[in-house]
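User: I am new to this structure and would like a close look at one strand and what surrounds it. Could you walk me through it?

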Amino acid sequence: MKIIVHIDEADQWQEALAEAFPDAQVLTSSAPAEERQNADYLAVWKAPAHLLEEQTRLKGIINLGAGVDHLLRTPGLPRQVPIVKLRDAGMGELMADYVLYGVLHFYRSMDCYAAQQQRATWQPQDVVAKSQWPVGVLGLGAIGRYVANVLHQAGFPVLGWSRSPKQITGVRCYHGDDGLGELLGQVQTVVTILPDTAATQHILDARRLAKLPEGASVINPGRGSLIDEQALLEALGSDSQPGHIRGALLDVFEEEPLPDNHPLWQHPRVLITPHMAAPTPLSDAIDQVIAYIKAFEAGDSVTTIDPEAGY
């Protein structure tokens, strides 16, 4: 069995997989081309096209992250080969921490206090009951469910949205276009944890942002393509003419790194982080990759990606 790894810190992955499969040949993508050929499995994150194109006998491709959009767009991807992805793998807890921080940031008026500090203004803000601060979670996959559950346990009413109907304890679930509009009209904070697909491109555009109540906030730790950045800037307004969106916490962007001259950097009501909301914990991810390979080798059923759906 031959396994090829392509990711930052590939040496650590190579060592762990070689220990788990002592009879296998485990290489990184930096190995010579003739050695990389005829692999059984690729364990990759943002694999180069040539690595995919040179393979002829793959049994499976393991995407070393939750988002498969880059892989599905890569030329040379063999469509007949089953693709699996990391599902949570420790990312859920990290994502939930990030989102809960963001919700509390707006709920407890930390954005207002930061602005007041610049003016040396001492003015406590009112605190409403958590029951009056509904949070919408767009995307109810493994990570979205985890986030929704943490928010529910923290005492916030949680509304969740997905393309198809779902039932989650403690979460009021919506689906479809009508359901999305209904959810947006009720929430104080909306969180986007959707995959990057044709159906989710700019899912928060000007029309849908306008459905949010006056003073609502936006948190995006999902994919940069989910929000129309220009529409968000217009909805935020400016210091002299505030818009109806109160503020945004953004971790992902349509172009990364975010260009130095992008107006989001300087907007007083936007908090930017550099795509760090949920890095993949190495140990949890490796355990999942090992389990996938064992399942493939044993002929066991695994949950694969639907390339047409994009997740």
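Analyst: Let's start with one pair of residues: Val190 stands opposite Val218 in strand 10. This is a predicted model, so please read everything below as a description of that prediction. Val190 brings us to the neighbour on one side, as strand 9 (residues 189–192) is joined to strand 10 by 3 bridges, and the two run parallel.

Strand 10 also pairs with strand 11 (residues 245–250), this time through 5 bridges, again in parallel. Here a good landmark is Asn220, which stands opposite Leu250 in strand 11.

How do we get from strand 10 to strand 11? Together with helix 10 (residues 229–236), these two strands make a right-handed β-α-β unit.

Now look at how strand 10, residues 216–220, is covered: 5 of its 5 residues are buried. In a regular strand, side chains alternate between the two faces of the sheet. Strand 10 can be read in that way, with Ala216, Val218 and Asn220 on one side and Ser217 and Ile219 on the other. Both of these faces are covered, and the residues on each are buried.

Asn220 leads on to a further feature, an enclosed space. Rolling a probe the size of a water molecule over the atoms shows where empty space is left. In this model the count comes to 1 cavity of 30 Å³ or more. The largest cavity holds about 40 Å³ of space. Which residues line the largest cavity? Asn220 and Leu250, the two that stand opposite each other, are both in the lining, along with Gly224, Ile227, Glu229, Leu232, Val252 and Phe253. Sorted by class, that lining has 5 nonpolar, 2 polar and 1 charged residues.

To finish, here is another feature of the model, the aromatic rings. A pair of aromatic rings is described by the distance of the centres and the angle of the planes. The structure holds 3 aromatic pairs. One of them is formed by Tyr107 and Phe156: the ring centres are 5.3 Å apart and the planes are at 90°, so this pair is edge-to-face. Tyr107 sits in helix 5 (residues 91–107), while Phe156 lies in the loop between helix 7 (142–153) and strand 7 (158–162), so the pair links distant parts of the chain, 49 residues apart. Both Tyr107 and Phe156 are buried. With Trp133 added, ring pairs link Tyr107, Trp133 and Phe156 into a cluster.

Methods
Residues are numbered from 1 along each chain as its sequence is written. This is a predicted model: local features need pLDDT of at least 70, side-chain atom pairs count only at pLDDT 80 or more; totals for chains, interfaces and linings use all residues. Side-chain values use heavy atoms; hydrogens and water are left out. Buried means under 20% relative accessible area, exposed over 50%, partly exposed in between (1.4 Å probe, protein chains only). Helices (H or I, at least four residues) and strands (E, at least two) are DSSP runs, numbered from the N terminus. Two strands pair if DSSP finds at least two bridges between them. A crossover is right-handed if, with the strands pointing away from the viewer, the path from the first strand over the helix to the second runs clockwise. On a 1 Å grid over the protein atoms alone, a cavity is a set of points where a 1.4 Å probe fits but cannot get out, and a pocket is an open set with protein on both sides within 12 Å along at least five of seven lines; lining residues have an atom within 4 Å of a point. Grid points are joined across faces, edges and corners, and a volume is the space filled by probe spheres set on the points. Ala, Val, Leu, Ile, Met, Phe, Trp, Tyr, Cys and Pro count as nonpolar, Asp, Glu, Lys and Arg as charged, and the others, Gly among them, as polar. Rings of Phe, Tyr and Trp (its six-membered ring) pair if their centres lie within 6.5 Å; planes under 30 degrees apart count as stacked, over 60 as edge-to-face and the rest as tilted.
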